[in-house]
Amino acid sequence: MPASPTVPPRMNAIVLDRFGDEDELRSREIAVPEMGPSDVLLRVHVAAVASWDAVERRGDYDGVFGIPSRFPYVLGWDAAGTVAAVGSEVTRFGVGDRVYAASTPVPRGGFYAEYGVVDEEHVAHVPARLSLEQAGVMAWDALTAQSGLDALDLDRGQTLLVFGASGGMGHMAVQLARQRGLRVLAASSGADGVALSREQGAGAVVDGRAEDVLVAAKEFAPDGIDGALVTAGGPMAERALQALAPSGRVAWPHGVHPLPATAPAVPILSFDGDRTRAALDRLNTVIESGTFAPYVARRFPMSQVRDAHRALRDHYVGKLALIIRDHGLLPPAVAGRP
C-alpha cells in the first residue's frame, strides 16, 4: 500500500475467531488490509448487515469460494465511505471521493471494519442524491435485482410480481422495475412492508402474511403475470407462481431458499448479481435519473454488532446498517424514503 499519513497501519474491526452464533462477533484491532495495483482502499463509513452475513457467520460458506477460511474473519459484503488510498493502476478514483462497493469477505476481509480493500472493478462513485448510509447498504441487493430484471427482459407495460417486495432486494427491485415502466404487484410482509411498497409506487400491494397472493395476482393480471422476481422462497412464493401466464418466466437468485418443492409450469431463470463496472455504471445512471433510494430500517454502531445480527431474525423492512463512522453520512439534500 502506498505510504500515506492518513492511513494507519492498524484498524478497529469486528472479527470472528471461529464460526458460530452472534456471541462470536467481537471488536479487535487488526492490520489494515494490503493493497494491490488495481485496488481501492475504502475508509468505511457504513456497512450493510445482510441475511447472508448470518449464514456466513455460522460457517455455511466455509470453503465454497475455493479458498480456505482464515481467521480473524471479517464479515461485510457491502459498504460506502471515502477513498483512503488507491493502487498505482487506479485512475477513476482519488483520495476523498465518496464511493460504494460490492465485495466478498474472502479472501481479503469484509467491511465490518474501519478500512476495506476491493478491486476498482467493483467500486462506484456514490450518486449525489444518496447519503453514504443509503449507498452503504445498497450494492449487492440492487445489483442482483437489476440482474434479475435483465434476465426477465420484460417490456414496458408488462406485469411483474415481486415476491418479498419489502425486503432488502425486493424493495430495490420494485423501484428499478417501476423505472423500466413495468406494472408491479408487490407481495410484501406486514403493514409496514405494505406501506413501504405503496410509497414506492407499486401498482398493487398484497400482504403476503395475511392475504392470498395468488388471488391478488389473478385480480391484478387476469390473463396471467408476465414475470416474477422471487427474493424470498417458501410455500407462499411457490403458490403465487401459479398466477404466471403460460408465456411467463421466473427470476430466482442463487442463494434464495427454499427452492420450489414442485417445479412451476414456467421456466425458472437462476442467476447471480452482476457487480462489474458496467453493471455499477448502469445502476448509477438509473439512480441519477429517477427516484431510487434504499430504505434503512435500523442502524447499529459497531459496538452493537451482535444486536444487529440478532435483528436479522426479527421482522423488518428494507435494510439494516452498521455505522462504522457516524459523520459525513448525509448529502447536501438529505433523501428519505422515495
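This predicted model holds eight aromatic pairs. Such a pair of rings is described by the distance between the centres and the angle between the planes.

**First stop: F19 and Y73**

Select F19 and Y73, which form an edge-to-face aromatic pair with 5.3 Å from centre to centre and 70 degrees between the planes. This pair links distant parts of the chain, 54 residues apart. F19 lies in the loop between β1 (10-15) and β2 (26-31), and Y73 in the loop between α1 (51-57) and β4 (78-86). F19 is partly exposed, with a relative accessible area of 21%, whereas Y73 counts as buried at 6%.

**Second stop: Y61 and W77**

Next, select Y61 and W77. Their rings also form an edge-to-face pair, with centres 6.2 Å apart and planes at 65 degrees. Both residues are in the loop between α1 and β4, 16 residues apart. Y61 counts as partly exposed at 24% relative accessibility; W77 is buried at 10%. Now add W52, F65 and W140 to the selection: ring pairs link these residues with Y61 and W77 into a cluster.

**Third stop: charges over rings**

Display R325 together with Y115. The charged end of R325 sits over the ring of Y115, 5.2 Å from the ring centre. Then move to R183 and F220, where the charged end of R183 sits over the F220 ring, 4.5 Å from its centre. Both R183 and F220 are also among the residues that T159 touches, which leads to the next selection.

**Fourth stop: T159 and strand β8**

T159 is in strand β8, residues 159-163. Is T159 buried or exposed? With a relative accessible area of 4%, T159 is buried. Beyond residues up to four places away in sequence, its contacts include L154, A221, G224, I225, D226 and G227.

Extend the selection to the whole of β8. Five of its five residues are buried, so the strand is largely enclosed by the rest of the structure. In a regular strand, side chains alternate between the two faces of the sheet. In β8, T159, L161 and F163 are on one side and L160 and V162 on the other, and all are buried.

**Last stop: the neighbours of β8**

Which strands pair with β8? One is β9 (residues 183-188), which pairs with β8 in the parallel sense over five bridges; here L161 stands opposite L185. Follow the chain from β8 through helix α4 (residues 168-179) to β9: this β-α-β crossover is right-handed. Strand β11 (residues 225-230) also runs parallel to β8, joined to it by four bridges, and L160 stands opposite G227 in β11.

Key
Residues are numbered from 1 along each chain as its sequence is written. This is a predicted model: local features need pLDDT of at least 70, side-chain atom pairs count only at pLDDT 80 or more; totals for chains, interfaces and linings use all residues. Side-chain values use heavy atoms; hydrogens and water are left out. Rings of Phe, Tyr and Trp (its six-membered ring) pair if their centres lie within 6.5 Å; planes under 30 degrees apart count as stacked, over 60 as edge-to-face and the rest as tilted. Helices (H or I, at least four residues) and strands (E, at least two) are DSSP runs, numbered from the N terminus. Buried means under 20% relative accessible area, exposed over 50%, partly exposed in between (1.4 Å probe, protein chains only). A charge sits over a ring if NZ of Lys or CZ of Arg is within 6 Å of the ring centre and within 35 degrees of the ring normal. Contact means heavy atoms within 4.5 Å. Two strands pair if DSSP finds at least two bridges between them. A crossover is right-handed if, with the strands pointing away from the viewer, the path from the first strand over the helix to the second runs clockwise.
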